[in-house]
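Here are a few exercises to work through with the model open beside you. Try each task on your own before you read its solution.

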Amino acid sequence: MTKGGSGATGAAFRLCGDKMRGKSVTLDQLEVTYPNGFTAVQRTNLVVEAGEFFSILGPSGCGKTTILRSVSGFVQPSSGRILIGDQDQTGLGPNTRETALIFQNLALFPLMPVWENVAFGLEARGVSKRDRRAKAEELLHLVALSDQADKKPGELSGGQRQRVAIARALAVDPSVLLLDEPLSALDLKLRQHMRAELRNIQKKTGVTFIYITHDQGEALTMSDRIAVMNAGRIEQVGTADHIYSNPVSAFSASFVGEANQLAGLISAVDGNMAHIDTPHGRFLGQNPKGLSIGEDAILFVRPENVGFEPSKNMVSARVLRRDLEGPFVNLLMATTSGAEMAMYVPNTGEIEAMQGAELQIGFAPQKATILPVGPVARTGQDIAAQ
């Protein structure tokens with residue numbers, strides 16, 4: 001998996017001192033087209049910084065795993081280059097790259113004790129059994145499994161087996177750790193716990209993590225930066241806060257977090273703001289793409305930014321459903337013209353059963369974003385055709 005762990009005894013104890021050396025990953029005009037003619041990854045330029053926790057977020061089939069397998073060397077690009085640090089990876093196989101890959105299926109050896117699973121990759125590199133054991137114990141300490149070294153994987157919980165897989169990947173001293181939806185088989189509480197564990201391990205080691213997921217919660221909570229991907233293209237790259245608050249496309253706005261959508265036509269422009277006329281009323285919102293009068297557009301507003309306070313953007317709506325979600329209440333409503341809108345409000349005990357109630361709801365123009373019409377998440381269809 002890596003060429004960094006060649007059996008030198010000194011390298012086996014690096015974690016006790018300095019961090020491992022994460023390296024940058026550069027995709028330079030990368031494109032991947034399969035023999036059947038399907039282009040899984042459109043021409044892509046991307047730089048993942050050294051030591052960064054970087055997530056690629058997108059729906060199934062968008063090309064994110066193809067990128068991961070291209071970086072690891074299991075898929076060869078049709079064109080373009082991949083660089084790890086300043087080294088072009090063209091022609092290098094998986095076993096000679098400074099990467100380690102963790103699949104959804106952890107593929108632990110059930111009859112081997114945990115420490116041998118962790119040290120498995122070192123034996124082929126000529127590392128002695130004593131040094132393999134020392135490195136395994138060091139890494140098990142890093143992932144808080146020091147007392148599990150002699151157990152079999154079947155005696156561990158799902159989260160513990162996940163940490164064993166991470167320790168095994170780190171044993172060969174990779175510069176880049178590639179993770180392909182490794183938490184997808186875990187239950188919700190364990191996934192939430194493992195998010196924090198992964199983030200902590202990444203910060204302790206300094207290894208560059210590239211994490212593939214379709215789960216926005218994972219990406220938003222763990223990542224230094226995120227690339228939102230759809231249909232073979234990267235739509236947006238940025239921090240979690242920036243992508244959530246400042247989406248640049250209809251897909252980003254609808255895939256990352258929940259968002260109410262109101263389609264219409266730009267009727268007026270005032271600086272960086274615009275008016276949009278919809279079947280549900282005229283609304284004012286931010287116009288980051290500089291849309292002009294007469295252009296088709298979609299207004300996006302997050303449910304938590306919809307409320308009862310008077311605003312320039314008001315609409316009448318009837319409560320269809322009230323969902324209690326612990327600390328907040330989710331109200332699903334329909335406007336008089338039939339558009340569904342969601343609103344999240346704190347669970348203060350003041351919002352009782354309201355099904356059928358007629359309400360005036362609104363949102364501040366600064367909290368609404370107007371973007372060009374395009375593919376949206378969940379339907380994958382152009383909203384203008386609805």
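A residue is called buried when its relative accessible area is under 20%, exposed when it is over 50%, and partly exposed in between (1.4 Å probe, protein chains only). You are working with a predicted model, in which local features need pLDDT of at least 70, side-chain atom pairs count only at pLDDT 80 or more, and totals for chains, interfaces and linings use all residues. Residues are numbered from 1 along each chain as its sequence is written, and side-chain values use heavy atoms, with hydrogens and water left out.

**Exercise 1. Aromatic pairs**

Task: find the ring pair formed by Phe53 and Tyr211, classify its geometry, and place both residues in the fold.

Solution:
1. Rings of Phe, Tyr and Trp (its six-membered ring) pair if their centres lie within 6.5 Å; planes under 30 degrees apart count as stacked, over 60 as edge-to-face and the rest as tilted.
2. The structure has six aromatic pairs. In the one between Phe53 and Tyr211, the centres are 5.9 Å apart and the planes make 40 degrees, which is a tilted arrangement.
3. Phe53 belongs to strand β3 (residues 53-57) and Tyr211 to strand β8 (residues 208-213), so this pair ties together parts that are 158 residues apart in sequence. Helices (H or I, at least four residues) and strands (E, at least two) are DSSP runs, numbered from the N terminus.
4. Phe53 has a relative accessible area of 0% and is buried; Tyr211, also at 0%, counts as buried too.
5. Ring pairs also bring in Phe209, giving a cluster of Phe53, Phe209 and Tyr211.

**Exercise 2. A pair within one helix**

Task: describe how Phe251 and Phe255 are arranged in helix α8.

Solution:
1. Both residues lie in α8 (residues 250-255), four residues apart, about one turn of the helix.
2. Their rings are stacked, at 5.2 Å centre to centre and 15 degrees between the planes.
3. Phe251 is buried at 4% relative accessible area, and Phe255 is buried at 12%.

**Exercise 3. Salt bridges**

Task: look at the salt bridges of Glu52, Asp88 and Arg130, and work out how accessible the residues are.

Solution:
1. A salt bridge is a side-chain nitrogen of Lys or Arg within 4 Å of a carboxyl oxygen of Asp or Glu. The whole structure contains 13 of them.
2. Glu52 pairs with Arg225, the closest N and O atoms being 2.5 Å apart. Glu52 sits in the loop between β2 (39-48) and β3, and Arg225 in strand β9 (residues 225-230), so the bridge ties together parts that are 173 residues apart in sequence. Glu52 is buried, at 8% relative accessibility.
3. Asp88 meets Arg81 at 3.7 Å, N to O. Asp88 is partly exposed at 29%, and Arg81 is partly exposed at 35%.
4. Arg130 and Asp131 meet at 3.8 Å, N to O. Arg130 is exposed at 68%, whereas Asp131 is buried at 7%.
5. Through shared partners, salt bridges join Asp28, Arg81 and Asp88 into one network.

**Exercise 4. A loop residue**

Task: locate Leu108 and list its contacts beyond its neighbours within four places in sequence.

Solution:
1. Leu108 is in the loop between β6 (99-102) and α2 (114-123), and it is buried at 16%.
2. Contact means heavy atoms within 4.5 Å. With those neighbours left aside, Leu108 touches Asn117, Pro153, Arg161, Val164, Ala165 and Arg168.
3. The C-alpha atoms of Leu108 and Lys152 are 9.6 Å apart, and the two residues are separated by 44 residues along the chain.
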